[in-house]
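Here are my notes for someone opening this one for the first time. Have the model up beside you and take the points in order.

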Amino acid sequence: MSLETQQSHGCKAVGSTQWKGSTTVALQCEICQKKPVSGNNVSHANNKTRRVFNPNIQTVRAMIGKTHRRIRVCTRCLRSGLVRKAV
């Protein structure tokens, strides 16, 4: 498919201006940028099917500078002390 055909069908092309700017991903840690990765389920019969490993993301109220903000953080960053929770 050509670029013009993709855009007329509503598909977002890589070179289009719609991709510019930062986007937030619901299952991504805002501290370490950990996000879902794909892999395989392997059965006892060695059958392989695709699956997704999602990080354990929690929404916490944290201190960012001198303000309180709700951010999405993985539990590893919480446990490591990279995030200071708001009181």
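**Notes on the model**

1. Let's start with a glutamine pair. The side chains of Q28 and Q33 meet in a polar contact of 2.9 Å. Both ends of that contact belong to the loop between α1 and β1: Q28 is placed there, and Q33 is too. Keep in mind throughout that this is a predicted model.

2. Is Q28 buried or exposed? Buried: its relative accessible area is 13%, and the cut-off for that label is under 20%. Setting aside neighbours within four places in sequence, Q28 is in contact with Q33, K34, K35, I57 and R72. Its polar partner Q33 is partly exposed, with a relative accessible area of 43%.

3. Have a look at the backbone of Q33 as well. Its phi is near 65°, which is a positive value in a residue other than glycine. That deserves a second look because most residues other than glycine have a negative phi. N46 also has a positive phi, near 65°, and we'll get back to N46 in point 6.

4. Now step back to the whole chain. It has 2 helices and 4 strands, and reading along the sequence gives the pattern α-β-β-β-β-α. Of the 87 residues, 17% are buried. Among contacts with a separation of 6 or more, 28% link residues 24 or more positions apart.

5. How far should you trust each part? The chain averages a pLDDT of 82, and 72% of the residues score at least 70. Confidence is highest in strand β1 (residues 37-42), with a mean of 98, and lowest in helix α1 (residues 3-8), with a mean of 50. Over residues 11-21 the pLDDT stays under 50, and the model has 9 contacts beyond four places in sequence for that stretch. I'd read α1 with its mean of 50 in mind.

6. Next, the β1 and β2 hairpin. These two strands run antiparallel and are joined by 6 bridges, with β2 covering residues 48-53. One pairing to find on screen is N40, whose bridge partner in β2 is R50. The hairpin has 5 residues between its strands, and N46, with its positive phi near 65°, belongs to this hairpin. N46 sits in the loop between β1 and β2 and counts as partly exposed, at 47% relative accessibility.

7. Which residues make up the largest nonpolar core? There are 9 of them: C29, I57, V60, A62, I71, V73, C74, C77 and V83. Strands β3 (57-64) and β4 (67-74) each supply at least two residues of this core. To trace part of it, pick V60: leaving out residues up to four places away in sequence, V60 touches R69, R70, I71, V73, L78, V83 and K85.

8. The cysteines may tempt you to draw bonds, so how many disulfides are there, with a cut-off of 2.5 Å between sulfurs? The count is 0. For C29, the closest cysteine sulfur is in C32, at 3.6 Å, so the pair is too far apart for a bond. C77 is in no disulfide either, as the nearest cysteine sulfur, that of C74, is 3.5 Å away. C29 is buried at 0% relative accessibility, and C77 is buried at 2%.

9. Finally, R72, one of the contacts of Q28. R72 is found in strand β4 and counts as partly exposed, at 33% relative accessibility. R72 and E30 are 42 residues apart along the chain, yet their C-alpha atoms are separated by 5.9 Å. Not counting residues up to four places away in sequence, R72 touches V25, A26, Q28, C29, E30, I57, Q58 and T59. That list includes C29 and I57, both of which are members of the largest nonpolar core.

How values were computed
Residues are numbered from 1 along each chain as its sequence is written. This is a predicted model: local features need pLDDT of at least 70, side-chain atom pairs count only at pLDDT 80 or more; totals for chains, interfaces and linings use all residues. Side-chain values use heavy atoms; hydrogens and water are left out. pLDDT is the predictor's confidence in each residue, from 0 to 100. Contact means heavy atoms within 4.5 Å. A nonpolar core is a set of buried Ala, Val, Leu, Ile, Met, Phe, Trp, Tyr and Cys residues joined through side-chain atoms within 4.5 Å. Buried means under 20% relative accessible area, exposed over 50%, partly exposed in between (1.4 Å probe, protein chains only). Two strands pair if DSSP finds at least two bridges between them. A polar contact is a pair of N or O atoms within 3.5 Å; within protein, one must be able to donate a hydrogen and the other to accept it, and residues adjacent in sequence count only if both atoms are side-chain atoms. A disulfide is a pair of cysteine sulfur atoms within 2.5 Å.
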